[in-house]
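Hi everyone, thanks for making time this morning. I'd like to walk you through one structure, so let me put it up on the screen.

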Amino acid sequence: MTTYFNNPKTLEELRKQYKNLLKKYHPDNVGGSEEATKDINNEYEKLFKVLKDKHNQTAEDTTRQTYDNMKWDFAEDEALRDMLNKVIQLVGVNITIVGNWIWISGDTKPLKATFKELGFQWAHEKKMWYWHSDTFRKKSNKKLSFDTICNYYGSADVKTKQREMLEA
C-alpha cells in the first residue's frame with residue numbers, strides 16, 4: 001500500500017510517476033515538503049525493488065535477453081535523483097529530464113562553475129547543459145534536435161521554485 005504512487009506495473013511507470021510526484025511535492029515547490037519528499041523516495045525504493053524482482057522472475061521465465069538490454073539500474077536512478085536534488089533549487093534555470101539525462105537551459109551563464117563542478121557538460125548546438133551518470137555512456141554521431149530527443153525518450157519539465165513564482 002502506497003500513499004503517493006498509483007499502482008505502477010512497470011519500472012517505466014514507476015519512474016514517470018516519481019518524476020511527477022517530485023515536481024509536485026519537492027520542498028521548493030508550493031505545497032511540497034521535506035517529509036513528503038522523503039516518503040516518496042522511500043516508497044519509490046520499495047516499489048523499485050518489487051518491480052525489479054518481478055521483472056527478473058518474468059525475464060528468467062521468458063527470455064533473459066529482455067532484462068539484459070534494459071537500462072534500469074537502481075544506482076543510476078539514485079544518481080539521477082541525487083543530482084536533481086542538487087540543481088532543483090537553482091534560480092533562473094529550466095530543468096528537463098529526458099530519459100536518464102538532466103538538461104538545463106535558461107540563465108545558466110552565472111552558474112557555469114557550479115555546473116562544471118557537478119559534472120554537467122555544455123552542448124554547444126543545443127545551448128544547454130546536460131548530465132547523465134557514468135553508467136550510461138552512449139556515443140552517437142547523430143545530431144538530433146532537443147525536441148527530437150524529448151519525443152524519442154520522453155521528457156518531464158521540473159518546476160523549480162523560481163518557475164512556480166513566475167506562474168503565480
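Strand 2, residues 101–106, pairs with strand 4 in the antiparallel sense, and the pairing runs over three bridges. If you want a spot to find that pairing by eye, go to Ile104, whose bridge partner in strand 4 is Trp129. Please keep in mind as we go that this is a predicted model.

Let's stay with strand 4, because it has another partner as well: strand 3, residues 121–123, pairs with strand 4, again in the antiparallel sense and over three bridges. Here the residue to look for is Gln121, which stands opposite Tyr130 of strand 4. Strand 3 and strand 4 form a hairpin with four residues between the strands, and in that hairpin Lys127 takes a positive phi near 55 degrees.

Now, which side chains of strand 4, residues 128–131, are buried? Met128 and Tyr130 are buried on one side, and Trp129 and Trp131 are buried on the other, which leaves both faces of the strand covered.

Compare that with strand 5, residues 155–158, where the side chains alternate. Ala156 and Val158 point to one face and are buried, whereas Ser155 and Asp157 point to the other face and are not. The partner to look at here is strand 1, residues 93–98, which pairs with strand 5 in the antiparallel sense over four bridges. Within strand 5, Asp157 has Thr96 standing opposite.

Let's move on to the helices. Helix 1 has 15 residues and reaches 20 Å from its first C-alpha to its last, close to the 21 Å expected at 1.5 Å a residue. Its buried residues are Leu11, Leu14, Arg15, Gln17, Tyr18, Lys19, Leu21 and Leu22.

Some of those names come back in my last topic, the cavity. How many cavities of 30 Å³ or more does the structure hold? There is one, and the largest cavity has about 40 Å³ of space. Its lining consists of Arg15, Tyr18, Lys19, Tyr44, Asp77, Leu80 and Arg81. Helix 1, residues 11–25, and helix 4, residues 74–87, each supply at least two residues of that lining. What is the lining like by class? Four of its residues are charged and three are nonpolar, with no polar ones. Arg15, Tyr18 and Lys19 are the names to connect here: they are buried in helix 1, and they also line the cavity.

That's my tour, and I'm happy to go back to any part of it.

Technical notes:
Residues are numbered from 1 along each chain as its sequence is written. This is a predicted model: local features need pLDDT of at least 70, side-chain atom pairs count only at pLDDT 80 or more; totals for chains, interfaces and linings use all residues. Side-chain values use heavy atoms; hydrogens and water are left out. Buried means under 20% relative accessible area, exposed over 50%, partly exposed in between (1.4 Å probe, protein chains only). Two strands pair if DSSP finds at least two bridges between them. On a 1 Å grid over the protein atoms alone, a cavity is a set of points where a 1.4 Å probe fits but cannot get out, and a pocket is an open set with protein on both sides within 12 Å along at least five of seven lines; lining residues have an atom within 4 Å of a point. Grid points are joined across faces, edges and corners, and a volume is the space filled by probe spheres set on the points. Ala, Val, Leu, Ile, Met, Phe, Trp, Tyr, Cys and Pro count as nonpolar, Asp, Glu, Lys and Arg as charged, and the others, Gly among them, as polar. The expected span of a helix is 1.5 Å times one less than its number of residues.
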